[in-house]
Amino acid sequence: MAHSLFISDLHLCVEQTQSTKEFLQFIQQTAPKAETLYILGDLFEYWAGDDDINNPLHCQIADALHGLSSNGTDIHIMHGNRDLLIGQKFAQACGAKLLNDPVLINLYHTPTLLTHGDILCTDDIDYQNMRKKIHDPVFQQHFLSQPLAQRKEHIAQLRERSKNAQKHKSEEIMDTNLEAVMDLLRSHHYPRLIHGHTHRPKRHLHTVDGHECERWVLGDWQTAGNFLRCDEAGCSWQTITF
């Protein structure tokens, strides 16, 4: 049956060798059977700019995705909060298209809204203020004008500060806000919703203005590879075993 696959929050980096190995096997063995692969953010732990595409890991991932695309699977990549600076150069190297966030698609005759998910974590005020700053095109242009090594050093500092800040935040603050979820569903006429970011895989059902809306939260790949498979009959979880 024709189907599409959804993944997010792989956080690939040189330190995560197992996740990289599982992802490459997924691209070679599982993804070629799908019509479309949607990567909904944070494919990488960080992305300092497309001028870092010659990094060996980045080349390896781009080559694998390009091979998948060449064999007929459409690839769509959405920015996450960690790889916000992925640009057209990397997308072209992968044979992929970049997605807006959020974006509404017709998924086998079911309206489906896709987002990375961080826009829904509205209780985390500090994070939302930072998100607004780094999404500013002027800020991004200024950041990308700096030498690559300087950008990487700055990102490392931001990551360390983020880890320290999370230690003092409750799990509830870093999770999605129900009102934000309902407002997003309402503004797009009550579709199905698929997102990542929170690393809390689960199927939720929300009743919004009398409409029942399904929400699927994608899992991360820190302990095991996983994906969401959707076809005309609906969606289901799959865990990657090789």
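## Around β7

Thr115 sits opposite His195 of β7. That pairing belongs to the link between strand β6 (residues 110-115) and β7, which run parallel and are joined by four bridges. This is a predicted model, by the way, so read the geometry below in that light.

On its other listed pairing, β7 is joined by three bridges to strand β9 (residues 211-217), again in parallel. Here Ile194 is the residue that faces Trp216 of β9. As for the side chains of β7 (residues 192-195), Arg192 and Ile194 point one way while Leu193 and His195 point the other, and all of them are buried.

## The loop before β7

Step back along the chain and you reach the loop between α7 (178-187) and β7, which holds His189 and also Tyr190. Both have backbone angles worth a look. His189 isn't a glycine, yet its phi is positive, at about 65°. Tyr190, also a residue other than glycine, has a positive phi near 65°.

Are these two buried or exposed? His189 is exposed, with a relative accessible area of 68%. Tyr190 has 24% relative accessibility and counts as partly exposed, because the buried class stops under 20% and the exposed class starts over 50%.

## The six-stranded sheet

There's also an open sheet of six strands, in the order β4-β3-β2-β1-β10-β11, and its pairing is mixed. The edges are taken by β4 (97-99) and β11 (234-239); each has a single partner strand, so one side of each is left without a neighbour in the sheet. From one strand to the next, the twist averages 25°.

Within this sheet, strand β1 (residues 4-7) and β10 run antiparallel, with three bridges joining them. One of the paired positions is Phe6, whose bridge partner in β10 is Leu228. Helix α1 (residues 17-29) packs on the sheet and touches β1, β2 (36-40) and β10. The direction of α1 makes about 170° with that of β1.

## α1 meets α2

α1 also packs with helix α2 (residues 56-70), at an angle of about 15° and with the axes 10 Å apart. The two helices are therefore roughly parallel to each other, since angles under 35 degrees fall in that class. The crossing of α1 past α2 is left-handed.

Which residues make the contact? From α1 they are Thr20, Phe23, Leu24 and Ile27; from α2 they are Leu57, Gln60, Ile61, Ala64, Leu65 and Leu68.

## Asn226 at the start of β10

Back in the sheet, Asn226 belongs to strand β10 (residues 226-231). With a relative accessible area of 13%, Asn226 is buried. Its side chain has backbone company: a polar side-chain atom of Asn226 lies 2.7 Å from the backbone oxygen of Asp220, and the side chain also reaches the backbone oxygen of Ala224 at 3.1 Å.

Neighbours within four places in sequence aside, the contacts of Asn226 are Ile7, Gly219, Asp220, Trp221, Gln238, Thr239 and Ile240.

## A cis peptide after β4

One last backbone detail: the peptide bond from Asp101 to Pro102 is cis, with omega near 0°. Pro102 is found in the loop between β4 and β5 (103-107), and β4 is one of the two edge strands of the six-stranded sheet.

Definitions and conventions:
Residues numbered from 1 in each chain as written. Predicted model: local features only at pLDDT ≥ 70, side-chain atom pairs only at ≥ 80, totals over all residues. Heavy atoms only, no water. Buried < 20%, exposed > 50% of the residue type's maximum accessible area, 1.4 Å probe, protein only. Polar contact = N/O pair within 3.5 Å; in protein donor to acceptor, adjacent residues only side chain to side chain. Contact = heavy atoms within 4.5 Å. Pairing = 2+ DSSP bridges. Axes fitted to C-alpha atoms, helices over the stretch in contact; angles between N-to-C directions. Parallel < 35°, antiparallel > 145°, perpendicular 65-115°, else oblique. Left-handed = near helix turned anticlockwise from the far one by under 90°.
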